[in-house]
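Student: I've got a model open and I'd like to learn how to read it. Can you walk me through a few features?

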Amino acid sequence: MDIKNLISQMTLEEKASLCSGEDFWHTQEIKRLNIPKMMLSDGPHGLRKQDLEGDHLGINKSIQAVCFPTGATIAASFDRDLIHTVGEALGQECQAEHVGVILGPAVNIKRSPLCGRNFEYLSEDPYLSSEMAASQIEGIQSKNVGASIKHFLANNQEHRRMTSSSEIDERTLREIYLASFEKPVKEAKPWTVMCSYNKINGTYASENYHYLTKILRDEWGFDGVVVSDWGAVNDRVMGIKAGMDLEMPSSHGYNDSRIVQAVQEGILEEAVLDQCVENILKMVERFNKSRDVEAVFDRDSHHDLARKAASESMVLLKNENILPLSRKAKIGFIGQFATNPRFQGGGSSHINTHKTTSALDSVDIEVSYAKGYHIHEDSIDQQLVDEAIKVAKEVEVAVIFAGLPDEFESEGYDRQHMNLPESHNYLIQSVLKEQPNTVVVLHNGSPVEMPWINEVKGVLEVYLSGQSVGEATVDILFGDVNPSGKLPETFPISLADNPSYLYYFGEKDVVEYREGIFVGYRYYDKKEMPVLFPFGHGLSYTSFTYSNMTLSHTKINEDDTLTVTVDVENSGDCYGKEVVQLYVSDTVSSVIRPIKELKGFEKIGLHPKEKKQVVLNLDKRSFAYYNSQLKDWHVESGDFELLIGKSSRDIQCRERVYVQSNTVIKEKYTINSMIGDLLKIESKKVLIQPFIEIMAKTFRVNKESTDPSNVTITEETMDAMFNDMPLRSLVSNGGGTIDFRMLDDLIDQLNS
Ligand code: BGC
């Protein structure tokens, strides 16, 4: 269709009506002009299509679909191909169900373990999050169905999510929160971006021209539709002006009238409204042109894909020669999650699954079972614990299925603490008294404290693994699949260790992100803090040996690509997959930077004794920080260390590269420029050295005085003091020898 021509035929009222939903899930149909409606549905890890009554909290029923592992889980696979394949399956389900856009992936950064929606989000690290999201979008859109990357921007908590303002400095936004969206938007080109409920630095995301137009469209080249989160519209006219095209769900005509009125009163230019209309029409046309009317999907084969995705994502956190389990051993499964696993979270992502497997259903040998706790209760049932102890005593290995029940984490509210239910901790501790061979399998969407960690022999983190969780867990427990997941987030020892701890919930609607760029491992590393399990950690049943790290160059210009290679060998005796992680560390920097940041990863599979070379490429962004004065990414010339590791705290090889910057930051010197800064620059040092000598003389007189009440000043302390003095101190400390005219001359020379 000729969209411009179509718009010219539309009445103002029709244009306004297209800018919000016809109902809960559809865009507006305009029969007079043959403009069809199109359906949008949740997302992100399965299709939640509601045929009857719609809601955005997962309350009413949706059609049966397949629940794949949630974002928290699949991010742990560190496997771009795997998430791409899951994306394709989601796209296929959408085609078969006539859904034009699936609402995901969700890429908000995990700022705190308390966020109720962490189970949907991918990582604390923007590089990992953006790489995985880009692959998922490409997978979905390969089926001619749109993705909706969400929730743009800085929606990192559920508490007061519809009114709070995330107060964040520009550098932090660029390096952490925007970065999670940037690559997927630029490279995977999602059909839609969903703006979030909250405000960013005082302005609602849904009416934020700076982010929706300046950054998203002008800078990143986004040409799709910005859709509001369901109910995220505050002032619709402001939203249109900011570039927020589609309000969802329907505003029941109220906002249509406001738009019409604003145009009639000259408050809103019709051309601005036309742009939103054009964006929406392009999307509707895109879907209708590419409808696969014959599309079907096979739920069972998607169930198998969900099983593979889950087993490739589960993270073996601890293993003291207890796993894999032998099928010959006497084993007890303890805890109700063994029969009723928690495999997805509550809220808008809740899938009506066509089947779900539990570990107890899936295990192919005889195992004893004890319930251990009531799934929806925090309180201890001593009788259930006694039964569990009885089972634990009779077996050789006790496997306890624990985790967070639905009530503990969900969309719509945050957690208040990082603990497991008391009944789970008590069960684990009670069983441990009788059975040292105990393994804990954790079902949770976000880190938990583990007060029993030193006593258990094994811990398997299965996160919220989707509907095939039972089979996938059994695959890992018995070694049919070798675990290869790595933590996409740090597990702190306790909640108070987390960098956002002091400010997380904010004061009323003001949430200051005072930790700045120091989110997750960026903080724990800088503080040299012990953690329970570091970012990138995950064990295997085999072992890997790293060797022969090489760099394509030892010196590069910031625009060059640096190729890093490393050989990895499977030095154990079973097939396994390893995630090779590359971190970049700026050794000397004039700005405060993290110790290291993830800038590359690759997952490879190796047979015993097999060796492969892994190739990773780095570019300018791998070395840059965001410079708020330049309003650009900036690389400082100097040495960078490249660290290759099995985790962020298990570095196997390191090499150095010198990177030459293209940007010269010209500083303007004033009377308040710092002497120490100038002394670091050879050409400036020569100019100020004679003045310093004069100042030093005054200090030396003092030093030589025999008056016992004088402080002892050494040459070193004198230098240290001078370093922190501004140039104007040359006058006040120059003993009358340096006047302001001389100072002005000096400053002119420094600036010339
Ligand atoms: C959620 C979105 C979701 C939408 C529609 C909102 O409450 O924040 O992620 O896509 O509802 O269900």
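Tutor: Sure. Keep in mind that this is a predicted model. Let's begin with a helix and its packing: the buried residues of α12 pack against α3 (71-75), α4 (80-96) and α16 (469-477).

Student: Which residues of α12 are buried?

Tutor: Buried means under 20% relative accessible area. In α12 that picks out H302, H303, L305, A306, A309, A310 and S311.

Student: And how many residues does α12 have?

Tutor: Helix α12 has 13, running over residues 299-311. From first C-alpha to last it reaches 18 Å, close to the 18 Å expected at 1.5 Å a residue.

Student: Now the ligand. Which residues come nearest to it?

Tutor: There are 15 residues around the ligand, and D42, H56, R117, H151 and D229 come nearest. By type, the shell splits into seven charged, five nonpolar and three polar residues.

Student: What about polar pairs with the ligand's oxygen atoms?

Tutor: For polar contacts, look for N or O pairs within 3.5 Å. A polar side-chain atom of D229 sits 2.6 Å from a ligand oxygen, the side chain of H151 has an N or O atom at 2.7 Å from one, and for R48 the distance is 3.3 Å. As for cover, the protein takes up 100% of the 310 Å² of accessible area that the ligand has on its own.

Student: One last residue: is K596 buried or exposed?

Tutor: K596 has a relative accessible area of 8%, so K596 counts as buried. K596 belongs to the loop between β21 (576-586) and β22 (597-606). Its side chain makes a 2.6 Å polar contact with that of D525. Beyond its sequence neighbours within four places, K596 touches residues including Y521, Y583, L643 and I651.

Terms used. Residues numbered from 1 in each chain as written. Predicted model: local features only at pLDDT ≥ 70, side-chain atom pairs only at ≥ 80, totals over all residues. Heavy atoms only, no water. Near = heavy atom within 4 Å. Polar contact = N/O pair within 3.5 Å; in protein donor to acceptor, adjacent residues only side chain to side chain. Areas by Shrake-Rupley, 256 points an atom, 1.4 Å probe, with all protein chains shown as cover. Nonpolar A, V, L, I, M, F, W, Y, C, P; charged D, E, K, R; others polar. Helix = DSSP H or I, 4+ residues; strand = E, 2+ residues; numbered from the N terminus. Expected span 1.5 Å × (residues − 1). Buried < 20%, exposed > 50% of the residue type's maximum accessible area, 1.4 Å probe, protein only. Contact = heavy atoms within 4.5 Å.
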